[in-house]
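Good morning, and thank you for joining this group meeting. Please look at the sequence and the structure as they appear on the screen.

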Amino acid sequence: MFATPEEAEHAFYEALEQADTVRLMQVWADDEEVVCIHPGGLRIVGHSAVHESWQQVLINGPLHVRPLRPLVMLSMMCAVHVLVEQVAVRTREGTQFANCYATNIYHKGPTGWRMVMHHSSPAPTEAGVLDLHDVPDMLH
């Protein structure tokens, strides 16, 4: 279904934008070992439980999430994406933005790349901009 982990990730965030749980769950592997942790939430294990959790999240409509600054670790059968999610939140004062750190893990199987874990947690406002990175020593 998804030829690359990036295709699966794009479909995941597009489904959130459309509040489409059917399309969203097509991104997830059919395994019972899938795991989802929403910001501040409990660990949810199993395909049915993950599906039910997304139905509850999307009951009020689409989530406007912009994935930013991905860090990708790729092997032949597994991809780990660590990124910043910029989430639009409607308030009385207008649209505000909250940042989350997210880790999305994809496994490659007979039907292509599928999500096996999504973990999102609150991040500072400056997330992505002030993240610490190893800087190799400069040689002169």
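Is Arg69 buried or exposed in this model? The model is predicted. Arg69 is exposed, because its relative accessible area is 52% and exposed means over 50%. This residue is found in strand β3. Its backbone also deserves attention: phi of Arg69 is near 50 degrees, which is a positive value in a residue other than glycine.

Let us now turn to helix α1. The helix covers residues 5-18, and these 14 residues should span 20 Å at 1.5 Å a residue. The C-alpha atoms at its two ends are 20 Å apart, so the expected span and the model agree.

Which residues of α1 are buried? They are Pro5, Ala8, Glu9, Ala11, Phe12, Tyr13, Ala15 and Leu16. The buried residues of α1 pack against two helices, α2 (21-27) and α3 (47-57). They also pack against the strands β3 (65-74), β4 (78-91), β5 (94-109) and β6 (112-122). Strand β3, where Arg69 is found, is thus among the partners of the buried residues of α1.

Finally, what follows α1? The helix is followed by Ala19, a residue found in the loop between α1 and α2. Phi of Ala19 is near 50 degrees, again a positive value in a residue other than glycine. As for accessibility, Ala19 is partly exposed, because its relative accessible area is 25% and buried would require a value under 20%.

Thank you for your attention.

Terms used. Residues numbered from 1 in each chain as written. Predicted model: local features only at pLDDT ≥ 70, side-chain atom pairs only at ≥ 80, totals over all residues. Heavy atoms only, no water. Helix = DSSP H or I, 4+ residues; strand = E, 2+ residues; numbered from the N terminus. Expected span 1.5 Å × (residues − 1). Buried < 20%, exposed > 50% of the residue type's maximum accessible area, 1.4 Å probe, protein only. Contact = heavy atoms within 4.5 Å.
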